[in-house]
Amino acid sequence: MLSRLRSAPLVGGLLRAAVGYNRVYPDLKSAADAIAAYQSKGGHTAPEAAELHMSFADKARASDYPVLFHLKGAAGEIRSVFDFGGCVGNLFYCYDGYLRFAPDLEWRLYDLPDNLERARAIAAQRGESRIRTVANLEDASGADLFLASGSMHYFDTPLADMIAGLAPKPRYVLINRTPMTSAPSFATVQAGYGEPVAAMIYNRASTIESFERIGYRCVDQWDVHDLVMAVPLHADKPIQYAGMLFRLA
């Protein structure tokens with residue numbers, strides 16, 4: 001019924017006006033252009049974003065436990081982590097509180113310059129020397145673990161395509177807290193940190209297949225239930241936050 005109403009000349013126009021920018025877009029740029037006028041705090045680099053992420057560093061959320069389970073099992077193999085879109089390093093502090101990472105662990109933090117500057121200040125305040133901020137994706141080459149938690153949907157290039165060009169490739173790739181769909185991939189708008197942000201919703205099965213094509217095997221996958229997202233009027237494009245772990249074959 002909603003599909004038919006969306007296509008109706010008069011009713012469809014009224015429905016689209018009612019939901020505003022909360023709709024489906026063909027690509028990430030189109031979604032970003034639609035919300036440009038509504039962003040004033042900096043989007044992903046808003047100070048509120050860093051504060052919120054650090055507030056999660058003291059205690060694991062429900063969706064952190066699959067990650068903790070797998071990190072504990074692979075602890076002997078992981079000496080370097082590439083934290084893709086890791087904001088200010090909050091996941092390092094959270095997971096270190098549970099797993100007590102080795103003193104020689106190297107946590108390579110990759111994010112936007114403003115967030116990396118904040119990350120360096122936080123590390124200095126805490127006397128933490130295991131975090132190293134990096135500016136290039138190539139710094140993920142040879143990492144034991146490529147961690148993409150709540151980040152891959154902010155890029156218009158599929159994650160497997162990014163990793164395919166790395167030499168050598170990371171041994172493990174762990175994706176978590178990522179909105180995915182059983183429908184064809186699409187772009188939409190996500191509620192951010194007081195203002196909207198554009199997001200790609202990738203097809204879950206296609207994501208797994210894309211990693212298998214570049215030499216990885218899916219070790220595990222799970223649903224994330226502490227985050228929810230939906231596009232108004234588009235029940236035909238269901239969104240489920242998810243996580244998955246890949247190991248280089």
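A crossing of two helices is left-handed if the near helix is turned anticlockwise from the far one by less than a right angle, and right-handed if clockwise. In the predicted model described here, the crossing of helices α5 and α6 is right-handed. Two packed helices are described by the angle between their axes and the distance between the axes. For α5 (residues 65–73) and α6 (residues 90–99), the axes come within 11 Å and cross at roughly 55°. Because angles under 35 degrees count as roughly parallel and those from 65 to 115 as roughly perpendicular, α5 is classed as oblique to α6.

The contact between these two helices involves Y65, V67, L68, L71 and K72 on the side of α5, and Y95, Y98 and L99 on the side of α6. By residue class, this contact comprises seven nonpolar residues, one charged residue and no polar residue. An α-helix has 3.6 residues a turn, so residues three or four places apart point the same way. Helix α6 is largely enclosed by the rest of the structure, because seven of its 10 residues are buried. The buried residues of α6 are N90, L91, F92, Y93, C94, Y95 and D96. Y95 thus appears both among the buried residues of α6 and among the residues that meet α5. Helix α6 is followed by R100, for which phi is positive, near 55°.

The wider setting of this helix pair is as follows. The protein contains nine helices and nine strands. Of its 249 residues, 49% are buried. Contacts between residues at least 6 apart in sequence were also examined, and 77% of them join residues at least 24 apart. The accessible surface amounts to about 11900 Å², with carbon and sulfur atoms contributing 54% of that area.

Strand β9 spans residues 239–248 and includes L245. With a relative accessibility of 6%, L245 falls under the 20% limit and is therefore buried. Beyond its neighbours within four places in sequence, L245 is in contact with H70, Y172, V173, L174, R217, C218, V219, D220 and W222. One of these partners, Y172, lies 73 residues away along the chain, yet the C-alpha atoms of L245 and Y172 are separated by 7.2 Å.

R247 is also located in strand β9. Its relative accessibility of 32% lies between the limits for buried and exposed residues, so R247 counts as partly exposed. When residues up to four places away in sequence are set aside, R247 touches E77, R171, Y172, G215, Y216, R217 and V219. A distance of 6.6 Å separates the C-alpha atoms of R247 and V219, which are 28 residues apart along the chain. Y172, R217 and V219 are listed among the contacts of L245, and these three residues also occur among the contacts of R247.

V24 occupies the loop between α2 (9–19) and α3 (28–35). Its relative accessible area is 25%, and V24 is accordingly partly exposed. Apart from residues up to four places away in sequence, V24 touches F186, A187, V231, H234 and K237. The C-alpha atom of V24 is separated by 9.6 Å from that of L233, although their positions lie 209 residues apart in terms of chain separation.

Several features of the backbone were also noted. A cis peptide bond, with omega of about -5°, joins A167 and P168. P168 is situated in the loop between α8 (159–164) and β5 (172–181). C87, a residue other than glycine, has a positive phi near 55°. This residue, C87, belongs to the loop between β1 (80–84) and α6. C87 is buried, since its relative accessible area of 4% is under 20%.

A positive phi is likewise found at R177, where the value is near 45° and the residue is again not a glycine. R177 is part of strand β5. The relative accessible area of R177 is 6%, which means that this residue is buried.

Note on methods: Residues are numbered from 1 along each chain as its sequence is written. This is a predicted model: local features need pLDDT of at least 70, side-chain atom pairs count only at pLDDT 80 or more; totals for chains, interfaces and linings use all residues. Side-chain values use heavy atoms; hydrogens and water are left out. Helices (H or I, at least four residues) and strands (E, at least two) are DSSP runs, numbered from the N terminus. Buried means under 20% relative accessible area, exposed over 50%, partly exposed in between (1.4 Å probe, protein chains only). Contact means heavy atoms within 4.5 Å. Accessible areas come from the Shrake-Rupley method with a 1.4 Å probe; for residues, only the protein chains shown count as cover. Axes are lines fitted to C-alpha atoms, for helices over the stretch in contact, and angles run from 0 to 180 degrees between N-to-C directions. Angles under 35 degrees count as roughly parallel, over 145 as roughly antiparallel, 65 to 115 as roughly perpendicular and the rest as oblique. Ala, Val, Leu, Ile, Met, Phe, Trp, Tyr, Cys and Pro count as nonpolar, Asp, Glu, Lys and Arg as charged, and the others, Gly among them, as polar.
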